[in-house]
Amino acid sequence: MPQDNEALIVQATAGLELQDITLVRSQYDRPSMVLEGTQLVQQQKRAVRFVVDGHAREGQPLLRVRVDLGVRLVNKNDPGAVFLIIEADYIVDYRIKSDLQEEALKAFAEFNAVHNVWPFWRQHVFDVVDKGRLPRIEVPFFAGLKL
């Protein structure tokens, strides 16, 4: 992580307080069956966007971050052949305790909000895999890297 982003994240961390993490959408789909001998490749999805809600509860503004995560299995030789999709979108609310620059909020949202959601995401994938009687899907440790 660039040092500039690290300083911005430290600044934002001091000025924010985690309030809530909410699952707002999930998808599980098995569009086609895997034929024997098919080599599968796992693809990841991660999108982050945020908004400051100045009229939030208790008169304190909120940083509201939407984190969309997903995993899908596709045919290695034909990436258009999708065999499994698991997605989940979360809203993470942080109380804003002090003035923060937009750059600090952006750096925080892209790193720390995803980090806060990651354990919920891992558990969601593990639960869906178990209930769908699917082969194990690896959800890597969150390292903060762009996917």
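A residue counts as buried when its relative accessible area is under 20%. Keep that cut-off in mind while reading this predicted model.

Start with strand S3, which covers residues 62–75. Eleven of its 14 residues are buried, so the rest of the structure largely encloses this strand. S3 has strand partners in S2 and in S4. Strand S2 takes in residues 40–53 and pairs with S3 in the antiparallel sense, over 14 bridges. Within that pairing, glutamine 44 has valine 71 of S3 as its bridge partner. Strand S4 runs over residues 78–96. S4 also pairs with S3 in the antiparallel sense, again over 14 bridges. Asparagine 75 is bridged to aspartate 78 of S4. The link between S3 and S4 is a hairpin of two residues.

Now look along S4 for its acidic residues. Aspartate 89 is one of the residues in this strand. Is aspartate 89 buried or exposed? Its relative accessibility is 3%, so it counts as buried. The side chain of aspartate 89 makes a polar contact of 2.8 Å with the side chain of arginine 66. Setting aside residues up to four places away in sequence, aspartate 89 also touches Thr22, Leu23, Val24 and Arg25, among others. Lys45 is on that list too, as are Val67, Asp68 and Leu69.

Glutamate 87 lies in S4 as well. Its relative accessible area is 16%, so glutamate 87 is buried. Which side chain does glutamate 87 meet in a polar contact? The partner is lysine 45, at 3.5 Å. Beyond its neighbours within four places in sequence, glutamate 87 contacts Arg25, Ser26, Gln27 and Lys45. The same set of contacts includes Leu69, Gly70, Trp121 and His124.

Next comes the nonpolar core. In soluble globular proteins, nonpolar side chains tend to be buried together. Here the largest nonpolar core has 34 residues. Leu16, Ile86 and Trp121 have the most contacts inside it. Which elements give two or more residues to this core? They are helix H1 (3–15), strands S3 and S4, and helix H2 (102–131). H2 gives the most, with 13 residues.

Tryptophan 121 deserves a closer look. Leaving out neighbours within four places in sequence, tryptophan 121 contacts Leu69, Gly70 and Val71. Its contacts also include Ile86, Glu87, Ala88 and Tyr90. Val139 is another residue in contact with tryptophan 121.

Now follow H2 itself. How far apart are the end C-alpha atoms of H2? They are 41 Å apart. At 1.5 Å a residue, the 30 residues of H2 should span 44 Å, so the two values agree. The helix bends by about 40 degrees at tryptophan 118. A proline, proline 119, follows within four residues of that bend.

Finish with arginine 133, in the segment after H2. Its phi is near 55 degrees, a positive value in a residue other than glycine. Is arginine 133 buried or exposed? Its relative accessible area is 68%, so arginine 133 is exposed. Aspartate 89, by contrast, is buried at 3%.

Technical notes: Residues numbered from 1 in each chain as written. Predicted model: local features only at pLDDT ≥ 70, side-chain atom pairs only at ≥ 80, totals over all residues. Heavy atoms only, no water. Buried < 20%, exposed > 50% of the residue type's maximum accessible area, 1.4 Å probe, protein only. Pairing = 2+ DSSP bridges. Polar contact = N/O pair within 3.5 Å; in protein donor to acceptor, adjacent residues only side chain to side chain. Contact = heavy atoms within 4.5 Å. Core = buried A, V, L, I, M, F, W, Y, C linked by side-chain atoms within 4.5 Å. Expected span 1.5 Å × (residues − 1). Bend = angle between axes of the 7 residues up to and from the residue.
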